Amino acid sequence: MPVFDFSSSGQEKKAAAICTYTTIRSNEPEASAEKPILVLDNHLKQWKHHSNGVFSNPDQKTAFEFDEEGGTASADILKIDARFVSLLRWLGESHIRVRLSGANREDGYAVYRIREIAYGGRYEAFRGGWLSSVHD
C-alpha cells in the first residue's frame, strides 16, 4: 500500500491566461501621449499623471495594479507597442515596482514613460532607450 498516491498529481488544470491587449506597431523614437508605449483601461477611473504600482503576472492576466490610498486598483492593458511586450512580461513576472507617466484620453490612459522605483529609481525604461541608468 503506497504511503502517498501520486497518480493524480500534475493533472490539475491551470486557469488560462487572460490576454486583454492588442499589439500596435510603431517606429517612433520617443513615446508621447499621442504615440504611447501602452494604453490602460480608464473607463472606471481617471488615473493620475504619475501613478505607482506593478504589472500583473502575464501568466494570469495582462493588467497594471495601481497603488491607491484604499488598496490596489487594477486596469487592463488595452494596447501595447509590440517592441515592449517582452519587457512588460518580465516586469510582471519579476514584480518590479514602477511609476507610470501618462495622460487620460478618450481611448484610455496613454502611458509614455515607465520608471523603476523598486530599487531607488536608478533605472528608467522607455525614455529614448531600453532600460537605461539614470544619472542626476
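Buried here means under 20% relative accessible area. F64 comes in at 0%, so F64 is buried. F55 has a relative accessibility of 2%, so F55 counts as buried too. Both values come from a predicted model, as does everything that follows.

Those two phenylalanines make a handy way into the aromatic side of the structure. The ring centres of F55 and F64 sit 4.9 Å apart with the planes at 70°, and the pair is therefore edge-to-face, given that planes over 60 degrees apart get that label. In all, the count of aromatic pairs comes to four. Another of them is W47 with F66, and this one is stacked, at 3.8 Å centre to centre and 5° between the planes. W47 belongs to the loop between β2 and β3 (50-55), while F66 belongs to strand β4, so this pair ties together parts lying 19 residues apart in sequence. W47 and F66 are both buried. Put the rings together and a single aromatic cluster shows up, made of W47, F55, F64, F66 and Y109.

Next comes the nonpolar core. The largest one holds 21 residues, and those with the most contacts inside it are L38, L40, F55, F66, V98, L100 and I114. At least two residues of this core come from each of β2 (38-40), β4 (63-68), β5 (71-81), α1 (85-94), β6 (98-105) and β7 (108-116). Of these, β5 gives the most, with four residues. F55 and F66 thus turn up twice, as members of the aromatic cluster and on the list of residues with the most contacts inside the core.

V98 is worth a closer look. Setting aside neighbours within four places in sequence, V98 is in contact with S51, N52, G53, F55, F64, L91, I114, R115, E116 and I117. Both rings of the edge-to-face pair, F55 and F64, are on that contact list, and so is I114, a residue that also appears with V98 among those with the most contacts inside the core.

As for strand pairing, β7 has a hand in two antiparallel arrangements. With β6, β7 is joined by eight bridges, the two running antiparallel. β6 and β7 form a hairpin, with two residues between them. One of the partnerships here is S101 with R113 of β7. With β2, β7 pairs in the antiparallel sense over three bridges. L40 has Y109 of β7 as its bridge partner. That links back to the earlier themes: L40 is on the list of residues with the most contacts inside the core, and Y109 is a member of the aromatic cluster.

Note on methods. Residues numbered from 1 in each chain as written. Predicted model: local features only at pLDDT ≥ 70, side-chain atom pairs only at ≥ 80, totals over all residues. Heavy atoms only, no water. Core = buried A, V, L, I, M, F, W, Y, C linked by side-chain atoms within 4.5 Å. Buried < 20%, exposed > 50% of the residue type's maximum accessible area, 1.4 Å probe, protein only. Contact = heavy atoms within 4.5 Å. Phe/Tyr/Trp six-rings, centres within 6.5 Å; stacked < 30°, edge-to-face > 60°. Pairing = 2+ DSSP bridges.
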